[in-house]
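Visitor: I have a new model open on my screen and would like a hand reading it. Could you walk me through it?

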Protein chains: 2
Amino acid sequence: MTALSLSPSLAAPQQPIDALGQIGVRMTFSPGEEIYAQDEDADMIYRVIRGAVRTTRLLSDGRRQIGDFYYADDLIGLEAGPVHRFSAEALGCCEIQVIRKSALRLYGDDGLKIERLIWAETARELRRTQEHVMLLGRKSACEKVASFLLDIARRFRGEVAELPMGRQDMADYLGLTIETVSRMVTQLQTDGLVRFLGCRRFEVRNATGLACLVET
Amino acid sequence: MTALSLSPSLAAPQQPIDALGQIGVRMTFSPGEEIYAQDEDADMIYRVIRGAVRTTRLLSDGRRQIGDFYYADDLIGLEAGPVHRFSAEALGCCEIQVIRKSALRLYGDDGLKIERLIWAETARELRRTQEHVMLLGRKSACEKVASFLLDIARRFRGEVAELPMGRQDMADYLGLTIETVSRMVTQLQTDGLVRFLGCRRFEVRNATGLACLVET
DNA sequence: GCCCTGCCTTGATCAGTGTCAATGCGCCGG
DNA sequence: CCGGCGCATTGACACTGATCAAGGCAGGGC
């Protein structure tokens, strides 16, 4: 990637995220395409405009862990070390705003505002990751899948929810195998807590029951 | 976040942590004593002066997850939400510097410097938490314990290492039971990778072999 | 010095999840 | 419409780590 275009004047934003405005360039990625690589220099940040993204990390023997899934308006690549510990890949077709961090210092006071915005997002990322630790460390397979589905379902406010990822991605996020994920999905359905319409669309049938599986 | 630094002329301390200097008050805590509680307002930050601290979170049914362990000069309580998701407890006797976040505003340019310091620590915390996710999601019991011991041993640079926590704390950090931790410790010892002198002191006997168990 | 207490270790068994293999289902191209 | 391909599901079985239970060990108080 070459030099990023700069738009010098920034208007005060309504939504904090808007502060990033049109800085940087927009790029589109096809399903599975890599946005950045594990161990790559971390001098860009990325904002999801449209679509969904996963961050993944591979152990040397091929075991895979997914760090998180990201949707419209989420920022990715905040890890703030010199290199990325995870790679980022498009789940489906998606559009991403790419911003060179070093460009931000050219924005003066707006730069400080943006800096604070990025910090706030980093803190949010930390909280999400801490939830993930809880999920991985102390929850059963069934609870993991229930938590995951409930999380996704919340984004659809009672409508039929659509999973942007396949079973393997769910498994690698939850620290399970694809077969176990599949069995738990079947079981939750048998118990009447959710109903699947095809393997990527579902609705919550018993929110209370599902919430019971998701201890806090 | 150093790439975003906007005021390079601020006198850079040798140890960045020194910027916190003597702000706030020092407190001492006895073994097991709570430094702050889960769900408590997060308006303080804490710096470990001496001793070790664990952060823990309880599920409503009593399952416990340890978020991380902290040692001298580490900052705790950076979660940056309105309330703490984890509680913090002293592992042994320890001394803690307690700083009210809102007080930092009064320090002007120094305040900004401190703000940056805190955010750099938050980013470091995020990276550590991401490592923890990898550990919990995709490593076997034996690898978890090996990783943990190697981490501790690094702080002692070849000397005999001392564990500041008991087996239950190790288990709750690693997402295992106390019995499994104990068995893995015994196994690593049988395999000649480590040697224990009492249950809290050990030395690494075969660093290469141990490192082989700790895939990256 | 001795006992008591709390933590750690070890053993036996069990449950939950992983592994391996077969089958099913849906989507897409021909 | 059909066949093939990729992903999901299901089943049988193995194995890791949890559970339950019984000692062992070490440190502190008396």
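**A walk through the model**

Guide: Happy to, and please keep in mind that this is a predicted model. A good place to begin is the hairpin of β4(B) and β5(B), where five residues lie between the strands. Within that hairpin, B:Gly62 takes a positive phi near 100°.

Visitor: Which residue in β5(B) stands opposite B:Thr56?

Guide: Strand β4 of chain B covers residues 53-58 and runs antiparallel to β5(B), with six bridges joining the two. Across from B:Thr56, the residue in β5(B) is B:Ile66.

Visitor: Why is strand β5 of chain B said to be largely enclosed by the rest of the structure?

Guide: Strand β5 of chain B spans residues 64-70, seven residues in total. It is largely enclosed because the number of its residues that are buried is six.

Visitor: Which residues have the most contacts inside the largest nonpolar core?

Guide: That core has 56 residues. One of its well-connected members, B:Val53, is in contact with residues including B:Ile35, B:Tyr70, B:Ala88 and B:Leu91, leaving aside neighbours within four places in sequence. Apart from this core lies another of 20 residues, among them A:Leu174 and A:Val181. In the largest core, the residues with the most contacts are A:Tyr46, A:Val53 and B:Val53.

Visitor: Which element gives the largest share of the side of chain A that touches chain B?

Guide: The contact takes 36 residues from chain A and 32 residues from chain B. On the chain A side, the elements that give two or more residues are β5 (64-70) and α1 (108-138). By class, this side divides into ten nonpolar, 13 polar and 13 charged residues. The largest share, 17 residues, comes from α1(A).

Visitor: How are the two copies related?

Guide: Chain A superposes on chain B, with an RMSD of 0.1 Å, after a rotation of 180° with 0.0 Å of shift along its axis. The copies are thus related as by a two-fold rotation axis.

Visitor: What share of the interface residues of chain A are also interface residues in chain B?

Guide: The copies meet through the same surface. That follows because the share of chain A interface residues that are also interface residues in chain B is 78%.

Visitor: Which element gives the largest share of the surface near DNA strand C?

Guide: Strand C is surrounded by 18 residues, and the closest include A:Thr180, B:Gly166 and B:Arg167. Elements giving two or more residues to this surface are α2 and α4 of chain A together with α4 and α5 of chain B. By class, the surface has six nonpolar, eight polar and four charged residues. Its largest share, six residues, comes from α5(B).

Methods. Residues numbered from 1 in each chain as written. Chains lettered and ligands numbered in written order. Predicted model: local features only at pLDDT ≥ 70, side-chain atom pairs only at ≥ 80, totals over all residues. Near = placed C-beta within 6 Å. Helix = DSSP H or I, 4+ residues; strand = E, 2+ residues; numbered from the N terminus. Nonpolar A, V, L, I, M, F, W, Y, C, P; charged D, E, K, R; others polar. Core = buried A, V, L, I, M, F, W, Y, C linked by C-beta atoms within 7 Å. Buried ≥ 20, exposed ≤ 12 C-beta atoms within 10 Å, placed from the backbone. Contact = placed C-beta atoms within 7 Å. Pairing = 2+ DSSP bridges. Least-squares fit on C-alpha atoms with pLDDT ≥ 70 in both.
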